[in-house]
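Biologist: I'd like to learn how to read a model like this one. Could you take me through it feature by feature?

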Amino acid sequence: MQRMIHDQISIQIAFSGFNQFAAVRDNLEKLDHTWVAFWLDGIGLPQYKQAFLEARIDGRVLNVLTLEDLALLRVQNPFHYICLKRAIQCLRQQNFSPHCLIGTSQSDDAQSTARNSKPENVSRWTNARACQWLEAIEMGEYVSNLKETGVHGAMFILEPRFNADTLAATLQVKELVRRHLSQHFSRLI
């Protein structure tokens with residue numbers, strides 16, 4: 001009797017895994033090469049759009065890209081490798097949902113800000129949403145230093161080496177402003 005229950009549970013687990021795999025597969029098929037180009041804009045790496053479009057990189061290929069593949073796509077900057085790696089990790093965590101990125105917020109109410117500042121949501125922030133956060137913490141003058149750097153929410157949350165000092169260096173902030181940035185970054189993550 002116990003063996004029968006175990007076998008039934010094993011079958012249910014296998015089918016639930018299959019269903020999850022099917023959902024991921026279906027989502028990957030929705031991510032064509034134009035979606036990937038849009039995604040590169042979202043994560044702040046539009047400089048690679050042309051190479052990805054020419055190679056017709058879609059969701060299925062994006063899921064299995066190697067460092068060698070990225071080198072062939074002319075991704076030379078080691079920091080950009082990490083940005084892409086973390087963005088792909090975020091996509092995997094979201095089962096490659098085509099609508100998983102959180103762009104700029106139209107609402108500045110406290111409830112919306114609190115909801116979008118939870119780590120599971122911050123990891124889905126686009127580069128533009130990260131820029132909007134900078135403006136919200138009164139650091140708008142540094143937004144231009146963040147655009148097209150590849151810094152997005154997944155870098156904040158998923159990259160263990162990315163911290164307030166890394167962000168400050170990316171933004172090229174002066175020493176006096178680093179403390180303000182560090183306090184807000186610590187609250188965010």
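Modeller: Let's start with helix 6 and its packing; keep in mind that this is a predicted model. The buried residues of helix 6 pack against helix 2 (33–42), helix 4 (59–62), helix 5 (67–72) and helix 11 (153–158).

Biologist: Which residues of helix 6 are buried?

Modeller: The general idea first: an α-helix has 3.6 residues a turn, so residues three or four places apart point the same way. In helix 6 the buried ones are H80, Y81, C83, L84, R86, A87, I88, C90 and L91.

Biologist: What should the 16 residues of helix 6 span, and what do the end C-alpha atoms say?

Modeller: Take 1.5 Å a residue and you expect 22 Å for helix 6. Its end C-alpha atoms are 23 Å apart, which agrees.

Biologist: What goes on at the two ends of helix 6?

Modeller: At its start, a side-chain oxygen of N77 comes within 2.8 Å of the backbone nitrogen of F79. Just after helix 6, N95 has a positive phi of about 55°.

Biologist: How should I read a positive phi?

Modeller: Most residues other than glycine have a negative phi. Here N95 takes a positive value near 55°, and F96 takes one near 60°. N95 sits in the loop between helix 6 and helix 7 (110–116), and F96 lies in the loop between helix 6 and helix 7 as well.

Biologist: Are N95 and F96 buried or exposed?

Modeller: N95 has 28% relative accessibility, so it counts as partly exposed. F96 has a relative accessible area of 2%, so F96 is buried.

Biologist: Back to the helix: what does H80 touch?

Modeller: H80 lies in helix 6. Leaving out residues up to four places away in sequence, H80 touches L45, Q47, Y48, V75 and T149. T149 also offers its backbone oxygen, 3.4 Å from a polar atom of the H80 side chain. The cut-off for buried is under 20%, and H80 counts as buried because its relative accessibility is 9%.

Biologist: Now the nonpolar core. Which members touch the most others?

Modeller: In the largest nonpolar core, with its 50 residues, those are W39, F52, W133, F156, L167 and L181. Helix 6 (residues 78–93) gives the most to this core, six residues. For a feel of one member, pick L167: beyond its neighbours within four places in sequence, L167 is in contact with W133, L146, V151, F156, F162, L181 and F185.

Biologist: What about charged side chains? How many salt bridges are there?

Modeller: Side chains of opposite charge can pair when their charged atoms come close. The count here comes to seven salt bridges. One of them joins the side chains of K49 and D41, at 3.1 Å from N to O. K49 counts as partly exposed because its relative accessibility is 26%, and D41 counts as partly exposed because its value is 36%.

Biologist: Which salt bridge involves R86 of helix 6?

Modeller: R86 pairs with E159, and their N and O atoms are 2.8 Å apart. E159 lies in the loop between helix 11 and helix 12 (164–171) and R86 in helix 6, so the pair ties together parts that are 73 residues apart in sequence. Both E159 and R86 are buried.

Biologist: What else does E159 bridge to?

Modeller: E159 also forms a salt bridge with R161, with the closest N and O atoms 2.8 Å apart. Burial is a contrast here: E159 is buried, at 4% relative accessibility, while R161 is exposed, at 58%. Shared partners join R86, E159 and R161 into one network of salt bridges.

Biologist: And zooming out, how many helices and strands are in the chain?

Modeller: The chain has 13 helices and zero strands. Of its 189 residues, 42% count as buried. For its contacts, consider pairs at least 6 apart in sequence: 63% of these join residues at least 24 apart.

Biologist: How do I read the accessible surface of the chain?

Modeller: Look at the total and at which atoms it belongs to. The accessible surface comes to about 10,900 Å², and 54% of that belongs to carbon and sulfur atoms.

Terms used
Residues are numbered from 1 along each chain as its sequence is written. This is a predicted model: local features need pLDDT of at least 70, side-chain atom pairs count only at pLDDT 80 or more; totals for chains, interfaces and linings use all residues. Side-chain values use heavy atoms; hydrogens and water are left out. A nonpolar core is a set of buried Ala, Val, Leu, Ile, Met, Phe, Trp, Tyr and Cys residues joined through side-chain atoms within 4.5 Å. Buried means under 20% relative accessible area, exposed over 50%, partly exposed in between (1.4 Å probe, protein chains only). Helices (H or I, at least four residues) and strands (E, at least two) are DSSP runs, numbered from the N terminus. Contact means heavy atoms within 4.5 Å. The expected span of a helix is 1.5 Å times one less than its number of residues. A polar contact is a pair of N or O atoms within 3.5 Å; within protein, one must be able to donate a hydrogen and the other to accept it, and residues adjacent in sequence count only if both atoms are side-chain atoms. Accessible areas come from the Shrake-Rupley method with a 1.4 Å probe; for residues, only the protein chains shown count as cover. A salt bridge is a side-chain nitrogen of Lys or Arg within 4 Å of a carboxyl oxygen of Asp or Glu.
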